[in-house]
Amino acid sequence: MSVQTTISPHNQQPLVSRTYPGETDLDVIIREAHAAQKSWSKVPVKERIAIGRRFMEEFKKMSDEIPLELSLQMGRPVSQGPGEIRGFLERADYMLSIAEPQLADVSLQDTDKPGFRRYIKRVPLGVVFVIAPWNVYKLCPPGYYFRKRRAFEAFSANATHSRKIYFGAHKGWRTGRCHSGGTFVTAVVDLCGSAPTCGLCVFYGECPGGRSVAESAATANGFTGVALELGGKDPAYVRPDADLEYSAAELVDGAFFNSGQSCCAIERIYVHEAVYDKFISRFVDLAKKYKLGDPTSKETNLGPVVSLASAERIRKQVADAIQAGAKPLVPEDLYPIAQAGTTYVAPQVLVDVNHSKYGRYDGGNIWPGCWIQKVASDEEAIKLMNDSPYGLTASVWTNAEKNPESEQAFLHIADELETGTVFLNRCDYLDPALAWTGVKNSGRGVSLSKFGYDQLTRAKSVHMKIKTT
């Protein structure tokens, strides 16, 4: 058996170890999950929703414990923990609120012929195998699927098993405490193709891992479905009439939150030449005010990156970009804690970046910073925003409130962008009523919103000829 040890990023000390189950254990776990799912699917939706509400109440009781635990595991500042908890509960509440109508049978009574009755059932996929990342804390509770971004599978009567991708072994234990009565099977699953077959494999991570999972699922028994949420290189465009004070503050947060370690972090900002200098000045001023340090301190708003390897990779990428002609705007000496051999990385803002090389970088480079480029028009901005192998989110910043033509300009840009979500005057936000999805190398599949339940169920048609004479 192998052991995973979580290392606290800020002090590099072991925090917790978990032993992975062996191959024989996995077979037993998956079979138990299938048996549990059959029983769970018989529980009426209203009862499942009530259990979900009780889960939320238990989770709220842990609100004072979770921020520090999160910081110790992944380096996120404790000051940002309450926001994580609020977002978790907001999404859970919304997905619970729409579960009953979205999982109900689809009646065709209006078009049934005399003597016939037809309807479409929403049938759970069964056991769902989730390969989850370290950087989304409340991702895969056993049985429920209260993800920061997704619908939760249990309310469509599935059973969920998860494997965290390094660093986060303690997280499943915490969410498991919210479940009462041993209703749900908890497990770590390593094989897509285990028998009996899982109904869906959900992967979060970088493109090479996503391709590997898709290939494995393709050769598994039963044609296992795959949902992939991969990386992003999310762009923003600041138009001439944007509120620069507001836009700069929001975009700095979008780039630096969680040290930029988010699939939807802002990495590229295109600014119209009419406001470029003013925007750069304000953006850099705000970036310099970030306090990089111990994430367990309430004064810190920028913590370490997750590992020494990640820190070194980021430093090399920034150094390579500067060597190729990029200009750094934030002096590193403002952050004396950011030394080689540590996980502390100084935030940075780059200009004059080689777009053809670093603007399209295909390597999951999540880091505390971004680069900014001047553009002359909306059309140039659209072209550069689309010039990426990724397409998760994009944002446009313009004064649609005072200028109706700006709203029309936004709608045109939104139509042209190759992305899963387009924001107006905000970024890095997950609205549970909207579908969370990506295009190109950002993956496939849908989570959140009413469409999230479609990914977790299959259609089963019932055709009844009642009158035979």
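Contact means heavy atoms within 4.5 Å. The exercises below concern a predicted model, in which local features need pLDDT of at least 70, side-chain atom pairs count only at pLDDT 80 or more, and totals for chains, interfaces and linings use all residues. Residues are numbered from 1 along each chain as its sequence is written, and side-chain values use heavy atoms, with hydrogens and water left out.

**Exercise 1. Surroundings of His272**

Determine where His272 is found and which residues are in contact with His272.

Solution. Step 1: His272 belongs to strand β10; strands (E, at least two residues) and helices (H or I, at least four) are DSSP runs, numbered from the N terminus. Step 2: the relative accessible area of His272 is 13%. Buried means under 20%, exposed over 50% and partly exposed in between (1.4 Å probe, protein chains only), so His272 is buried. Step 3: leaving aside neighbours within four places in sequence, His272 is in contact with Tyr237, Val238, Arg239, Pro240, Val375, Ala376 and Ser377. Step 4: the His272 side chain reaches the backbone oxygen of Ala376 at 3.2 Å. A polar contact is a pair of N or O atoms within 3.5 Å; within protein, one must be able to donate a hydrogen and the other to accept it, and residues adjacent in sequence count only if both atoms are side-chain atoms.

**Exercise 2. Helix α7**

Compare the expected span of helix α7 (residues 244–256) with the distance between its end C-alpha atoms, then describe its ends and packing.

Solution. Step 1: the expected span is 1.5 Å times one less than the number of residues. Step 2: the 13 residues of α7 should therefore span 18 Å, and the end C-alpha atoms are 18 Å apart, which agrees. Step 3: Asp243 caps the N-terminal end, with a side-chain oxygen 3.3 Å from the backbone nitrogen of Glu245. Just after the helix, Asn258 has a positive phi of about 55 degrees. Step 4: the buried residues of α7 include Leu244, Leu251 and Phe256. The partners against which the buried residues of α7 pack include β10 (266–272) and α8 (276–288).

**Exercise 3. An open sheet**

State the strand order of the open sheet of 3 strands and identify its edge strands.

Solution. Step 1: the order is β3-β4-β21, with antiparallel pairing. Step 2: β3 (106–107) and β21 (457–465) are the edge strands, each pairing on one side only. Two strands pair if DSSP finds at least two bridges between them. Step 3: β3 and β4 (residues 116–124) pair over 2 bridges, and the bridge partner of Ser107 in β4 is Tyr119.
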